[in-house]
Amino acid sequence: MLELTSMKVGIDVFCSDHGRSGIGSYIHSFVKNLYLLKENPKYSDIDFELFGSELDRFTFDSEKLRVEYKGINISDTVSSERAWHIFKLKKFAKKNKYDYLLFPAGSRMLPLSFSTKGIAVVNDVVSVLLKEKKDFLERFLLLRGLKKATKIIAASQYIRKDLIKLKINPSKIHVVYNGIDHNHFYHHSELDTESDTVLIKPFAIKKPYIIYATRISKPEKMHIELINAFTKFKEKTGLPHRLVLAGDGEYTTDLQKVIAKNPYASDIFLTGYFPHEHLPELYSCADACIFPSVVEGVGLPIIEAMATGIPVACAKAGALQEFAKDGALFFNPNNIEEFSEAIERILTDEKLRESLVEFGYNWTKHFSWEKTLQKTADLLKN
């Protein structure tokens, strides 16, 4: 295979949700760690440049991240961004002399066709997205864009298999796992105090607690099932644990109504949007991470929780088994009895807790942004 002597890669940061979602966090972490490539002589010939909404210029601070940002003045709406990708991206890419385009939100926004070679990064289960999209045009654009992309980076084997079922050419789909920042996600031992409250501005969270950190974006995230299982756990054990739900989304109002009617409402804490940079502290002080979602194409939140030194219990669904391996207690979130028993066991079975924490600590070393970036760069160079 031929290797280019130098190349310029434009990274499309549209659909980053201004850094407030899983996709936004992925894009920000990817960009933040680009310097790791520049420090490696093998990849020093790749010049990266960001482009996206002018509103996100400070989300991706070019001086802090050491990469140039080209802001585009368009309305902050999906329809405006889609129109720009269809009608103006080709001219923009040609003007800026990009050799490749990288689309980190490849399951959200892609052009209809590619005059510049494009690599789409897929972090979502596309078949689930297609079912959720009621607009035929949206479904058509998503599938066409993926089929026309030069290469696809799938964030898990689970996603790769899903794409193949959608008749996308298997030879162009490459699995590259997301990384985590081990300088950020580790056990914050300085927080191991006798205080019964965790102070993470602007929050004051009473211990002990279990945590579920994800967007409240759809019923398949299983927040209501978690509340039901937590209620059953409290009724049976009488343990003092609280349930912390860290996240926001379009189903937040519905969830608040369910919590208000719950007999243990005072033990359920809904934080709303919680900054990703403060999650390690929140995890470190938790007694366990409970992750019941059944629609995950990527299991990064459970890896992040493991890295902070707490045991994890998660749904036996989606890509969670692929990511957790033997480092989690699995359960069926649709079986409230089994779900409740999993919560009780991960909080009271000390032998199980110790084994999960030890495995998780070693297992998470497999996930780093340096590996993710190098595999992505290798794909660009070959």
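Me: Which strands does helix α9 (residues 223–237) lie across, and at what angle does α9 run to β11?

Reply: This is a predicted model, and in it α9 lies across β10 (209–213), β11, β12 and β13 (288–291). Its angle to β11 is about 170°. Anything over 145 degrees counts as roughly antiparallel, so α9 is roughly antiparallel to β11.

Me: What angle does α12 make with β14, and which strands does α12 touch?

Reply: The directions of α12 and β14 make about 170°. α12 packs on the sheet by touching β10, β13 and β14. With the cut-off at 145 degrees, α12 and β14 come out roughly antiparallel.

Me: Okay, the sheet itself. What is its strand order, and how are the strands paired?

Reply: The order is β12-β11-β10-β13-β14-β15, an open sheet of 6 strands with parallel pairing.

Me: What makes β12 (268–272) and β15 (329–331) edge strands?

Reply: Each of β12 and β15 pairs on one side only. From one strand to the next, the twist averages 20°.

Me: How do you know that β11 (residues 242–246) and β12 count as a pair?

Reply: At least two bridges are needed for a pair, and 4 bridges join β11 to β12, so they qualify. As for residues, V244 stands opposite F269 in β12.

Me: There's another sheet. Why does β3 (68–72) or β7 (173–175) have one side without a neighbour?

Reply: That open sheet has 7 strands in the order β3-β2-β1-β4-β5-β6-β7, again with parallel pairing. β3 and β7 stand at its edges with a single partner strand each, so one side of each has no neighbour in the sheet. The twist averages 25° from strand to strand here.

Me: How many bridges hold β6 (residues 151–154) and β7 together?

Reply: There are 3 bridges, in the parallel sense. With at least two required, β6 and β7 are a pair. A154 has V175 in β7 as its bridge partner.

Me: And which strands does β5 bridge to?

Reply: β4 (residues 100–103) is joined to β5 by 4 bridges, and β5 is joined to β6 by 4 bridges. F103 has A120 in β5 as its bridge partner, while I119 has K151 in β6.

Me: What makes β5 (residues 117–122) mostly covered?

Reply: The count: 5 of its 6 residues are buried.

Me: Why is T308 called buried?

Reply: The threshold is under 20% relative accessible area, and T308 is at 0%, so it counts as buried.

Me: Where is T308, and what does it contact?

Reply: T308 is in the loop between α12 and β14 (312–315). Setting aside neighbours within four places in sequence, T308 contacts F185, Y186, H187, P280, Y283 and S284.

Me: Why say that α1 (residues 22–32) is largely enclosed?

Reply: Because 8 of its 11 residues are buried, the rest of the structure largely encloses α1. The buried ones are I23, G24, S25, Y26, I27, S29, F30 and V31.

Me: Is α1 parallel or perpendicular to α16 (residues 369–381), and what angle says so?

Reply: The angle is about 80°, with the axes 10 Å apart. The window for roughly perpendicular is 65 to 115 degrees, and so α1 is roughly perpendicular to α16. Y26, S29 and F30 in α1 meet W369, L373 and T376 in α16. By type, that contact has 4 nonpolar residues, 2 polar and no charged.

Me: How about α14 (residues 336–348) and α15 (residues 350–363): what is their angle?

Reply: About 80°, with the axes 6 Å apart. That puts α14 roughly perpendicular to α15. R345, I346, L347 and T348 of α14 make the contact with E350, L352, R353 and L356 of α15. The mix is 4 nonpolar, 1 polar and 3 charged.

Me: Which residues touch the most other members of the largest nonpolar core?

Reply: L146, L282 and I290, in a core of 91 residues. Helix α12 (residues 300–307) gives the most to this core, with 6 residues. Another core lies apart from it, with 32 residues, including M7, V9, V67 and V121.

Me: What does I290 touch?

Reply: Not counting residues up to four places away in sequence, I290 touches I210, I211, Y212, L226, A313, F331, F339, I343 and I346.

Definitions and conventions
Residues are numbered from 1 along each chain as its sequence is written. This is a predicted model: local features need pLDDT of at least 70, side-chain atom pairs count only at pLDDT 80 or more; totals for chains, interfaces and linings use all residues. Side-chain values use heavy atoms; hydrogens and water are left out. A nonpolar core is a set of buried Ala, Val, Leu, Ile, Met, Phe, Trp, Tyr and Cys residues joined through side-chain atoms within 4.5 Å. Buried means under 20% relative accessible area, exposed over 50%, partly exposed in between (1.4 Å probe, protein chains only). Helices (H or I, at least four residues) and strands (E, at least two) are DSSP runs, numbered from the N terminus. Contact means heavy atoms within 4.5 Å. Axes are lines fitted to C-alpha atoms, for helices over the stretch in contact, and angles run from 0 to 180 degrees between N-to-C directions. Angles under 35 degrees count as roughly parallel, over 145 as roughly antiparallel, 65 to 115 as roughly perpendicular and the rest as oblique. Ala, Val, Leu, Ile, Met, Phe, Trp, Tyr, Cys and Pro count as nonpolar, Asp, Glu, Lys and Arg as charged, and the others, Gly among them, as polar.
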